[in-house]
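Q: I'd like to go through this structure with you, beginning with how its elements are named and then moving on to the ligand.

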Amino acid sequence: MNLKGKSAIVTGAGRGIGREICAALADHGVKVAAVDIKDSLLAETAALLQSKGVEVKSLVANVARGEDADKVCDEVAGAWGRIDILVNNAGITRDGLVLRMKDEDWNAVIDVNLKGVFNFTRSAARFMVRERSGRIINIASVSGLMGNAGQANYAASKGGVIALTKTVAKELASRNVTVNAIAPGFISTDMTAALPEEVRKRMLEVIPMRRMGEPKDVARAVIFFAGELADYVTGQVLVVDGGLLM
Ligand code: NAI
């Protein structure tokens, strides 16, 4: 995988899957701009990346704000000359049954998970189109493909990310910019640690591989889409879920 010297932006890089994606890219010699809304989490990610001998930037930004996306992309392209890889990973949950779902919980999840992907895609694509080269990798979810009771907002946002992925793939294909999505199943992070033990137990029973995924399982799929093995792959959704959705 020849990714050495390329530059990447990873959103939601402060912990969990985003942090692991940053580490995997850095291990492949990629310069990484780690973006998160939480400064304190970014500091931990930066400390991990520092030991890997690549240039690193820690940028505090809220993906839901278009101006933040523009600022991050301008800064990265200004410093490193180009944006080769964008990983839209930032995401939140505000679970609840649809009959009781509050407007604020619907709006917050759509703003971060769907509008956030749009914001960073629009900002970064401007630079990628100019270079006639780029990789956009969106972290969706199996919830966006199969639905999930209690996650109307989250599943709708992730289904939207998948439709957005395919649309932007069609728009940018002729400029040699590929756009793909990864749909993880049940991955062991702080996000899933917050679920009740009962729910976790039930999930494990329906995963054919009988284990939760690890953040590195998702990071490996990112490396595939970022590298030359995926040169001719665009508009696809790679499900990484231990067989949950078949
Ligand atoms: P996490 O909650 O551990 O980490 C998410 C990171 O995003 C945090 O560092 C948080 O501060 C950051 N973030 C939240 N809102 C932000 C905003 N407005 N702007 C910038 N950064 C923001 O979550 P996890 O588990 O690592 O998930 C990462 C992605 O993978 C999310 O998009 C999630 O929906 C998706 N995913 C996770 C699964 C799982 O089982 N953990 C399954 C399927 C998809």
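A: Helices and strands here are DSSP runs, numbered from the N terminus, with at least four residues for a helix and at least two for a strand. Please keep in mind that this is a predicted model.

Q: OK, so where is Thr189 found?
A: Thr189 is found in the loop that runs between β6 (177–184) and α7.

Q: And does Thr189 count as buried or exposed?
A: Thr189 counts as buried, because its relative accessibility is 17% and the cut-off for buried is under 20%.

Q: What is Thr189 in contact with, leaving aside neighbours within four places in sequence?
A: With those neighbours left aside, Thr189 is in contact with Gly16, Ile17 and Pro215.

Q: Switching to the ligand, which residues come nearest?
A: There are 28 residues around the ligand, and of these Asp36, Asn89, Tyr154, Ile187 and Thr189 come nearest.

Q: What's the make-up of that shell by class?
A: The shell around the ligand has 15 nonpolar residues, 10 polar ones and three charged ones. As for helices, α1 (16–27), α6 (152–172) and α7 (190–193) each supply at least two residues of the shell.

Q: Which N or O atoms are paired with the ligand's oxygen and nitrogen atoms?
A: An oxygen atom of the ligand is 2.6 Å from an N or O atom in the Asp36 side chain, while a ligand nitrogen atom is 2.8 Å from an N or O atom in the side chain of Asn62. At Ile37 the partner is a polar backbone atom, 3.3 Å from a nitrogen atom of the ligand.

Q: How much of the ligand does the protein bury?
A: The ligand exposes 840 Å² when taken alone, and the protein buries 95% of that.

Technical notes. Residues numbered from 1 in each chain as written. Predicted model: local features only at pLDDT ≥ 70, side-chain atom pairs only at ≥ 80, totals over all residues. Heavy atoms only, no water. Near = heavy atom within 4 Å. Polar contact = N/O pair within 3.5 Å; in protein donor to acceptor, adjacent residues only side chain to side chain. Areas by Shrake-Rupley, 256 points an atom, 1.4 Å probe, with all protein chains shown as cover. Nonpolar A, V, L, I, M, F, W, Y, C, P; charged D, E, K, R; others polar. Buried < 20%, exposed > 50% of the residue type's maximum accessible area, 1.4 Å probe, protein only. Contact = heavy atoms within 4.5 Å.
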